[in-house]
Amino acid sequence: MQTKLSPEELKKRRHLRTAVYYQANKEKIKARAKIIGAEYRKNNPHKKRNKARAKIADAKYRNNNPNKTSIWKQNNPEKNRKHAKKYRELNKEKITSSQAKWRVVNKEKIRLYWQNRGKRKRTGTLTKGLVGKLLKIQNYQCIYCGLDLRINRYHIDHIMPLALGGLNIDKNIQLTCVLCNLKKGYKHPDTFKLSTASGSIPYL
Ligand SMILES: [Zn+2]
């Protein structure tokens with residue numbers, strides 16, 4: 001004996017049947033959709049994706065899914081490189097002209113960059129394997145705040161900044177966490193030590 005199903009139940013059943021059919025024929029359906037789509041685009045060239053609108057939609061999507069693109073890039077480094085390369089090849093002129101524009105607008109920035117580079121000219125060289133040695137000596141901790149440098153990124157810090165005449169030699173190198181290094185900047189090591197609450201002492 002068959003009981004009469006309510007419209008709701010009928011709807012559910014219909015959906016279920018569609019889902020089962022889709023799962024069983026996924027490849028076939030996808031292939032068909034591809035052909036239909038291509039045909040449609042061929043017959044309706046004027047209906048091509050509206051570029052301006054697509055740009056806004058893409059930006060909106062990225063805004064609403066801030067991590068998705070970067071996660072995808074992290075998980076697909078090969079593909080990302082390929083995409084980037086393809087983009088560069090297809091947009092050579094656009095990139096060159098936008099770089100030229102940037103240079104005109106940021107003349108001052110560029111001048112400062114080269115000036116600072118001049119100041120930071122490195123005197124001396126570091127021995128190979130220095131970082132590994134320093135990590136052990138420092139017990140894998142940031143010299144200033146003690147942050148674990150096995151988990152966090154470290155910066156190679158010149159104890160006496162190059163800008164203040166420090167040398168680029170092993171004895172003048174310590175490892176810090178990124179934040180401490182950025183806070184220290186071009187400060188004299190003693191000045192910076194005084195400004196840190198922990199006041200820890202470089203190993204030298
Ligand atoms: Zn630190």
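**Exercise 1. Find the residues of the largest nonpolar core.**

Solution. The largest nonpolar core has 8 residues: Cys142, Ile143, Tyr144, Leu149, Tyr154, Leu175, Cys177 and Cys180. A nonpolar core is a set of buried Ala, Val, Leu, Ile, Met, Phe, Trp, Tyr and Cys residues joined through C-beta atoms within 7 Å. A residue is buried if 20 or more other C-beta atoms lie within 10 Å of its own, exposed if 12 or fewer, and partly exposed in between, with C-beta atoms placed from the backbone.

This is a predicted model: local features need pLDDT of at least 70, side-chain atom pairs count only at pLDDT 80 or more, and totals for chains, interfaces and linings use all residues. Residues are numbered from 1 along each chain as its sequence is written.

**Exercise 2. Place strand S2 and describe its surroundings.**

Solution. Start with the range: S2 covers residues 173–177. Strands (E, at least two residues) and helices (H or I, at least four) are DSSP runs, numbered from the N terminus. Next, burial: 5 of the 5 residues of S2 are buried, so the strand is largely enclosed by the rest of the structure. Then directions: Ile173, Leu175 and Cys177 point one way, Gln174 and Thr176 the other. Last, the partner: S1 (residues 154–158) runs antiparallel to S2, joined by 5 bridges. Two strands pair if DSSP finds at least two bridges between them. Tyrosine 154 stands opposite cysteine 177.

**Exercise 3. Count the buried residues of helix H3.**

Solution. H3 spans residues 51–64, which is 14 residues. Its count of buried residues is 0, so H3 is hardly covered.

Note on methods:
The expected span of a helix is 1.5 Å times one less than its number of residues.
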